[in-house]
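Open the model in your viewer and keep the selection tool at hand. We will go from strand to sheet to pocket.

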Amino acid sequence: MGNPQYDLVVLGGGSGGYAAALRAAELGSRVALVEKDKLGGTCLHRGCIPTKALLRSAEVAETVRHSAKFGVTSTLDAIDFAGVDKHKQSVVNGLFRGLSGLVASRGIHVVAGTGRLTSPTQVTVTTADGPEAVLTGAAVIIATGSVPKTGAGIDVDHERIIDSNDALGFDHAPASAIILGGGAIGCEFATAWNAFGTKVTIVEAMPNLLPLEDTASSRALEKAFKKEGISTALGAAVQHATARDNGVEVTLDDGRVLTAEVLLVAIGRAPATDGIGLESVGVTTTRGYIDVDPRCRTAVPTIYAVGDVIPTLQLAHAGFAEGILVAETLAGLQPDEIDYARIPRITYSHPEVASVGLSTEGAIAAGHEVMDVTYDLAGNGKARILGTSGLVKVVAAKDGPVLGVHMVGERVGELLAEAQLVVNWDARPDEVAQHIHPHPTLSEAIGEAHLALAGKPLHAHA
Ligand SMILES: Cc1cc2nc3c(=O)[nH]c(=O)nc-3n(C[C@H](O)[C@H](O)[C@H](O)COP(=O)(O)OP(=O)(O)OC[C@H]3O[C@@H](n4cnc5c(N)ncnc54)[C@H](O)[C@@H]3O)c2cc1C
């Protein structure tokens, strides 16, 4: 290779790709970032941000609906979907403008078009108006992200049988919906639509909602959903689904037949690796995911991959961390490898489910002698003021550090920052217990759980 035009060419401008580009530019690299749609990717335009904006509207609807409980009389007249969409879009647009400005301010060359690898150091871009641009980089990062997973013998027609992209584009809340998949995306849409008046049924093949969470959290969410009127069919698989003019009919493997206006297929995300030239340059994949080592290096020494295209947690902040890891590695820094078991996870359902580290089951399976404590939010003043129920469960190694924290309740996602510091700093329960939590806050529940685990419970039974 002669002198490359760039130190780094990044293919895909979502969370993983733009984080890599920003950090590399900050470290003095010449960076090109290729994006076929909009900077910000799934997270900003079809994922994290628009769904949480939708959930905020849902929260406001629930607040109005239940305001009498707080002595405030109000009536929920209607959900104005144009207004819901306007709020969502204004949040997305504001963040998009901010990100575009930031990328420009770091001197990153954004190339609009569809890219593919044409050599270990070359990305060829078909630009929107026709001509191809060939970008050469000393290193290339693949960050093309993911797309909604289809399969299970179900044809997504984008009208009656839809994916999360379609659901976000809806101009109304369906009268009824079957949601296939009780993971984070399924549970978040269940919460939003239920608040907007949709009759929701979630079908989940595993025995619990959020099957990757501690069973205590899954059960608490199931209980709350039941109370809120969200139906679940757990341990049930869809045998077939048929779209009709006026709705959809879903047959479960136990013979039950469910009908609704729409079926939302939320069974996960598949890596977006088709047609980007991986095989031609020798990048290998397993079940579509790009094979990488712990430093996100592919089988080709100049090519790295980050974000949803690699088989790690499909979360925006995991993508950010991977992008930064690669940028720093390329700059000759020695960043620590990512400890995926300690990345915090939140499902923004109502109630929220937040966790970091190992579940009780996971800790035992990893060979730990485990102690755990579950603090019921019923004993927490702020939880009572808010009118939320839930729990904080702390899992620790016997005479050792905290291994995992699991929380369910309104706003517990905001508590996860403390929990992840506890877990990631290998703090012991007695070390956390000595820190004073402000009263009355939900955060006291974290303090209480650690106090109990340290053998000195305050507002909990010994
Ligand atoms: C409904 C939903 C809700 C979510 N909520 C959360 C959440 O609350 N918290 C969280 O952490 N995560 C959430 N996620 C996951 C999060 O959005 C992803 O993990 C994250 O966006 C992955 O980032 P990425 O950079 O790997 O890929 P993406 O964000 O998908 O970005 C990939 C980019 O590459 C571009 N691209 C693809 N192919 C090419 C090509 N050939 N040429 C040029 N450009 C190309 C795409 O246009 C896209 O912009 C959610 C996802 C969904 C679908």
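**Stop 1: a strand pair and its sheet**

Select E21 and strand E22 (residues 391-397): they pair in the antiparallel sense over seven bridges. Two strands count as paired if DSSP finds at least two bridges between them. Strands (E, at least two residues) and helices (H or I, at least four) are DSSP runs, numbered from the N terminus. Now pick out Asp372; Val395 in E22 is its bridge partner.

This is a predicted model, where local features need pLDDT of at least 70, side-chain atom pairs count only at pLDDT 80 or more, and totals for chains, interfaces and linings use all residues. Residues are numbered from 1 along each chain as its sequence is written, and side-chain values use heavy atoms, with hydrogens and water left out.

Widen the selection to the open sheet of five strands, in the order E19-E20-E23-E22-E21. The pairing is antiparallel. Strand E19 (345-347) and strand E21 (370-376) are at the edges; each has a single partner strand, so one side of each lacks a neighbour in the sheet. From one strand to the next, the twist averages 10 degrees.

**Stop 2: helices on the sheet**

Add H7. This helix packs on the sheet and touches strand E20 (352-357), E22 and strand E23 (402-409). Contact means heavy atoms within 4.5 Å. The direction of H7 makes about 0 degrees with that of E23. Axes are lines fitted to C-alpha atoms, for helices over the stretch in contact, and angles run from 0 to 180 degrees between N-to-C directions.

Next, show helix H12 (residues 416-424), which touches E19, E20 and E23. Its direction makes about 165 degrees with that of E23.

**Stop 3: the second largest pocket**

How much space lies in the second largest pocket? About 1400 Å³. A pocket is an open set of points on a 1 Å grid over the protein atoms alone, where a 1.4 Å probe fits, with protein on both sides within 12 Å along at least five of seven lines. Lining residues have an atom within 4 Å of a point.

Select Glu228, His350, Gly387, Thr388 and Glu410: of the 40 lining residues, these are the closest to the pocket's centre.

Which helix gives the most to this lining? H3 does, with nine residues.

**Stop 4: a three-strand sheet**

Finish with the open sheet E11-E12-E13, whose pairing is antiparallel. Four bridges join strand E12 (residues 247-252) to E13. Zoom in on Glu249, which stands opposite Thr259 in E13.

Note on methods:
Points joined across faces, edges and corners; volume = space filled by probe spheres on them.
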